[in-house]
Amino acid sequence: QVQLVESGGGLVQVGGSLRLSCVASGRTFSSSAMGWFRQAPGKERESVGAINWSGDRVYYADSVKGRFTISRDNAKNTVYLQMNSLKPGDTAVYYCAAVSSRGVYTRPDDYTYWGQGTQVTVSS
């Protein structure tokens, strides 16, 4: 079993940056594929990025490609989402998710464990 806690959200102006962190505990972090999702008010939850077990394969949604970077530090049991050039459309609750598998996954149903989310608000 994996427990996930997100942090790093907040209020930022258009064009600014934030770095989200997700710390895992309970099981071996390095055995889990990880993903970042977001859900804006009135919208469905969508994949932002994903990273595989070993950290050498990544996925980004088209809407964030070139602006966001997902990474992981297995020694710290942490996955990061570096968010640059933020836009109002990035405003959402951001969630991290984990699954004990080897691939890269982009659908919420692919994941077993979820954090509680952290709010990101981009003002214009």
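Visitor: Which strand does Arg72 lie in?
Guide: Before we start, keep in mind that this is a predicted model. Follow the chain to residues 68-73 and you have the strand that holds Arg72. That strand is S7.

Visitor: Which side chain of opposite charge is nearest to Arg72, and how far away is it?
Guide: Arg72 is buried, yet it has no salt bridge. A salt bridge needs the nitrogen and oxygen atoms within 4 Å. The nearest side chain of opposite charge is 8.4 Å away, and it belongs to Asp73.

Visitor: Then which backbone oxygens does the side chain of Arg72 reach?
Guide: There are two to look at here. One is the backbone oxygen of Asn52, which lies 2.7 Å from a polar atom of the Arg72 side chain. The other, reached at 2.7 Å, is the backbone oxygen of Ser32.

Visitor: How many disulfides does a search of the whole structure find, and which residues are joined?
Guide: In general, a disulfide is a covalent bond between the sulfur atoms of two cysteines. Searching the whole structure turns up one disulfide. Its sulfur atoms sit 2.0 Å apart, and the residues joined are Cys22 and Cys96.

Visitor: How many residues apart are Cys22 and Cys96?
Guide: The link, by the way, is right-handed, with 60° about the S-S bond. It ties together distant parts of the chain: Cys22 is in strand S3 (residues 18-25), while Cys96 is in strand S9 (residues 92-99). Along the chain they are 74 residues apart.

Visitor: Are Cys22 and Cys96 buried or exposed?
Guide: To count as buried, a residue must be under 20% relative accessible area. Cys22 comes in at 0%, and Cys96 is also at 0%. So Cys22 and Cys96 are both buried.

Visitor: Which residues have the most contacts inside the largest nonpolar core?
Guide: In soluble globular proteins, nonpolar side chains tend to be buried together. Here the largest nonpolar core has 26 residues. Strands S3, S4 (33-39), S5 (46-51), S7, S8 (78-83), S9 and S11 (118-123) each supply at least two of its residues. The residues with the most contacts inside this core are Leu4, Trp36, Phe68, Leu81, Met83 and Tyr94.

Visitor: What does Leu81 touch, leaving out residues up to four places away in sequence?
Guide: Leu81 is one of the residues with the most contacts inside the largest core. Others from that group turn up among its partners, including Trp36, Phe68 and Tyr94. The full list is Leu18, Arg19, Leu20, Trp36, Val48, Phe68, Thr69, Ile70 and Tyr94.

Visitor: How many residues are in the other core?
Guide: This core lies apart from the one we just discussed. Among its members are Ala33, Phe37, Ala50 and Val99. The number of residues is six.

Visitor: How many salt bridges does a search of the whole structure find?
Guide: Let's start with a couple of examples. Asp62 and Lys65 meet at 3.4 Å, and both of these residues are exposed. Asp110 and Arg107 meet at 3.7 Å. For the whole structure, the search finds five.

Visitor: Which residues do salt bridges that share partners join into one network?
Guide: One bridge to begin with is Arg38 with Glu46, whose closest N and O atoms are 2.8 Å apart. Arg38 counts as buried because its relative accessibility is 6%, whereas Glu46, at 36%, is partly exposed. The network as a whole joins Arg38, Glu46, Arg67 and Asp90.

Visitor: Is Ser124 buried or exposed?
Guide: You'll find Ser124 in the segment after S11, where it touches Val14 and Pro88, not counting residues up to four places away in sequence. Its C-alpha atom is 35 Å from that of Asp56. Exposed means over 50% relative accessible area. With 88%, Ser124 is exposed.

Visitor: What is the phi of Asn77, and where does this residue lie?
Guide: Asn77 is not a glycine, yet it has a positive phi of about 55°. At 27% relative accessibility, it counts as partly exposed. As for the place, Asn77 lies in the loop between S7 and S8.

Visitor: And where is Ser85?
Guide: Ser85 is not a glycine either, and its phi is positive at about 50°. Its relative accessibility of 42% makes it partly exposed. Its place is the loop between S8 and S9.

Technical notes: Residues are numbered from 1 along each chain as its sequence is written. This is a predicted model: local features need pLDDT of at least 70, side-chain atom pairs count only at pLDDT 80 or more; totals for chains, interfaces and linings use all residues. Side-chain values use heavy atoms; hydrogens and water are left out. Helices (H or I, at least four residues) and strands (E, at least two) are DSSP runs, numbered from the N terminus. Buried means under 20% relative accessible area, exposed over 50%, partly exposed in between (1.4 Å probe, protein chains only). Lys and Arg count as positive and Asp and Glu as negative; His and the chain ends are not counted. A polar contact is a pair of N or O atoms within 3.5 Å; within protein, one must be able to donate a hydrogen and the other to accept it, and residues adjacent in sequence count only if both atoms are side-chain atoms. A disulfide is a pair of cysteine sulfur atoms within 2.5 Å. A nonpolar core is a set of buried Ala, Val, Leu, Ile, Met, Phe, Trp, Tyr and Cys residues joined through side-chain atoms within 4.5 Å. Contact means heavy atoms within 4.5 Å.
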